[in-house]
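Colleague: I would like to learn how to read a model of this kind, one feature at a time. Could you take me through it?

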Amino acid sequence: MVVLVMGGVLTILQPEYFLSAQNLTNIIRQIGMNALLALGLYLVILTAGIDLSVGSVMALSIMLLALADVSGVPWPLVLLIGPAVGTFFGIVNGLGLTLLRLPHPFIMTLGTLNAVRGLCNLVTDGRPVSGVSDAVRFLGIADIPLPFGGKFAVIPVSAVVLFVCYAGVGLFLKKVSLGRHIFAVGGNPQAARVSGINVDGVLVFVYAASGFFAGLAALLMAGRTGAGYPNLGIGAELDAIAAVIIGGASFFGGRGSVLGVFAGVLVMGLLRNGLNLMNISAFWQQTLIGVIIILAVWVDVLRRRTGNKE
Amino acid sequence: MQSSGDTASAAPALEARGISKHFGAVTALDRVNLRLEAGEVLGVVGDNGAGKSTLMKVLSGLFRPSEGEILVDGRPAQFHSPRDSHRAGIEMVYQDLALAGNLPIFENIYLGREPGRTFGGLTLVDHARARRLAAEHLERLQIQVKAIDQNVEDLSGGQRQAVAIARATAFDAKVVIMDEPTAALAIKEVGKVLDLIKRLKHHGVGVILISHRMDDIFYVCDRVMALFHGRNFAEAPLNETNRNEVIGWIMGTMDHTEALEHDKAT
């Protein structure tokens, strides 16, 4: 709903730019990173958890895959590096939470946020790595031309990646027992435990998935920028959390939908894009996003309250 | 639901022999015995800290006993987790109900044991079948709900209790252990839950009922046993005892009926 309204407003305000194919593919490319990070965080937030490390993990994935690429590792292997590094640190987060029994995932992932960011700088002594090959950049930058329309009538490959990931996670959460168990753990971990669900296993899985999507986001970003920067994605975890919350997922776990998360990602993307088109400064964008987070959750609170009165 | 109703086997549905449980220096259970026949309702009473909950957690596989053995249908059983006790047909209905409020009724009933096709540890859940099975099961127990798709958090306390019991009996349970099933209920819902317990008994399910409420015990139970300071204290068929005597057991006094009457009079 909000997405449609925003789309409408933008179309009216900026008719010649907003609906142009170039701008739309641009939006999709811009939201790619946040969309994947938010999808991973959504799984974590469903269990009433949080993963602050995704920005750092993404950056380290980019650094390592860029380094591997420029040093001549064959590209199919390089493609695996991002998701592998991401999944590895996700598992580290999950095990830290379940084996070390740290009191809250905030603490474990705050730790990895810092530790992994440090590693990003350590691997190259703080220097960026440029010159990522075209084969590796394919997912992030390439377009699939449409049989009709002009030069800009294309579907970015990254849009296909997003679609596959969102549809896959959506189906997984609905149809597969492990997906349902993620909801159960978020709804009542004690109930899940006595139902014979391996709660720790579910938790390790969601953090691993969050890391995996951070690694996949790294591939898209490497494609867009063609280089690895150790400072990339600082604060990206907060954008992803914002998108999940704007999308209606509950911080207390067990509630939300994949479509909602995507809507949240779109709201943030459209807002950034629209304000850019209208030449409004980035400072105002950040202020507005803050206000929208508060409004979105407040509207949700109001809706739930009237819902309960019925 | 159809359980070991054959009268040929004399072995009790569930038996615990000499169960002890130590937590560090604290002895929560001290050589406790318990026996439950198929289709029997056994009331377990005792003061707070008498060891009732610990004993039930041992029987449901949540705790491992420090000593003693558990027999199911006369055969020794080892429970390492609730999954093991589920497999042996022993189910627990927890005091806090242990339902996921954000999930619908039918999913709660099959949580952790979803019907569907299984591939390497993951199940492709057949929601349609789960709905149908859940509806049939609720009907068999005469539990009425508005819709099987309702989220559990939208139900009343009594309905939740009924769902928790339905969940416990959905997989051929031989024994259902209930921890204070009526404690949090409105009065008019208490009767419904107790009648549900009678229906389980009718289906041949053995029920262990932990309760503080003498009304509950004397309405549904066949036998009552009391724990005191982690030990077996007393036990009797229901028709050979009375409320005052059982209340005395809870306080750790034998044959104290008269004193209680005396207390009452003053």
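Colleague: Where does A:N273 sit in chain A?

Modeller: This is a predicted model, and in it A:N273 belongs to helix α13 of chain A, which runs over residues 258–277.

Colleague: Is A:N273 buried or exposed?

Modeller: Burial is judged by counting neighbours, and 20 or more other C-beta atoms within 10 Å make a residue buried. A:N273 has 23 C-beta neighbours inside 10 Å, so A:N273 counts as buried.

Colleague: Leaving aside neighbours within four places in sequence, which residues is A:N273 in contact with?

Modeller: Those contacts of A:N273 are A:I27 and A:Q30. In sequence, A:N273 and A:Q30 are 243 residues apart, while their C-alpha atoms are 8.9 Å apart in space.

Colleague: Now a contrasting case. Which helix holds A:F163, and is A:F163 buried or exposed?

Modeller: A:F163 lies in helix α8 of chain A, residues 157–175. The cut-off for exposed is 12 or fewer C-beta atoms within 10 Å. A:F163 has 12 others within that 10 Å, so A:F163 is exposed. From A:F163 to A:S61 there are 102 residues in sequence and 22 Å in space, C-alpha to C-alpha.

Colleague: How do I read chain A as a whole?

Modeller: Begin with the elements, then the overall dimensions. Chain A contains 14 helices and four strands. Its C-alpha trace spans about 60 × 55 × 40 Å along the principal axes. A compact globule of 310 residues would have a radius of gyration near 19 Å, and the 20 Å of chain A agrees with that. Of the 310 residues, 47% count as buried. Among contacts in chain A between residues at least 6 apart in sequence, 76% join residues at least 24 apart.

Colleague: And what does chain B give on the same points?

Modeller: Chain B has nine helices and twelve strands. Its radius of gyration is 19 Å, close to the 18 Å from the globule rule for 266 residues, so chain B is as compact as a globular protein of that length. The C-alpha atoms of chain B fill a box of roughly 60 × 40 × 40 Å along the principal axes, and 44% of its 266 residues count as buried. Among contacts in chain B between residues at least 6 apart in sequence, 67% join residues at least 24 apart.

Colleague: How should I examine a single helix, say α5 of chain B?

Modeller: An α-helix has 3.6 residues a turn, so residues three or four places apart point the same way. A length check is a good start. Helix α5(B) covers residues 157–168, and at 1.5 Å a residue its twelve residues should span 16 Å; the end C-alpha atoms are 17 Å apart, which agrees.

Colleague: How many residues of α5(B) are buried?

Modeller: Eleven of the twelve are buried, so α5(B) is mostly covered. Among them are B:Q159, B:R160, B:V163, B:I165 and B:R167. The buried residues of α5(B) pack against β6, α3, α4, β9 and α6 of chain B.

Colleague: What about strands? How do β1 and β2 of chain B run relative to each other?

Modeller: In a regular strand the side chains alternate between the two faces of the sheet. Strands β1(B), residues 14–23, and β2(B), residues 26–36, run antiparallel and are joined by seven bridges. B:A16 in this pairing stands opposite B:L34 in β2(B). The two strands form a hairpin with two residues between them, and B:G24 in the turn has a positive phi of about 60 degrees.

Colleague: In which sense do β7 and β8 of chain B pair?

Modeller: β7(B), residues 116–119, and β8(B), residues 122–125, pair in the antiparallel sense over four bridges. B:G116 stands opposite B:V125 in β8(B). These strands also form a hairpin with two residues between them, and B:G120 in the turn has a positive phi of about 50 degrees.

Colleague: How many residues of each chain take part in the contact between chains?

Modeller: 20 residues of chain B are in contact with 19 residues of chain A. The largest share of the chain B side, four residues, comes from β8(B). By class, that side has eleven nonpolar, five polar and four charged residues.

Colleague: Where should I be cautious?

Modeller: Where pLDDT is low, the predicted coordinates should not be read in detail. Chain B averages a pLDDT of 86, with 91% of its residues at 70 or above. Over residues 1–8 of chain B, pLDDT stays under 50. For the complex, the predictor gives an ipTM of 0.83 and a pTM of 0.86.

Conventions
Residues are numbered from 1 along each chain as its sequence is written. Chains are lettered from A and ligands numbered from 1 in the order in which they are written. This is a predicted model: local features need pLDDT of at least 70, side-chain atom pairs count only at pLDDT 80 or more; totals for chains, interfaces and linings use all residues. pLDDT is the predictor's confidence in each residue, from 0 to 100. Two residues are in contact if their C-beta atoms, placed from the backbone, lie within 7 Å. Two strands pair if DSSP finds at least two bridges between them. Ala, Val, Leu, Ile, Met, Phe, Trp, Tyr, Cys and Pro count as nonpolar, Asp, Glu, Lys and Arg as charged, and the others, Gly among them, as polar. The radius of gyration is taken over C-alpha atoms; the globule rule is 2.2 Å times the number of residues to the power 0.38. The expected span of a helix is 1.5 Å times one less than its number of residues.
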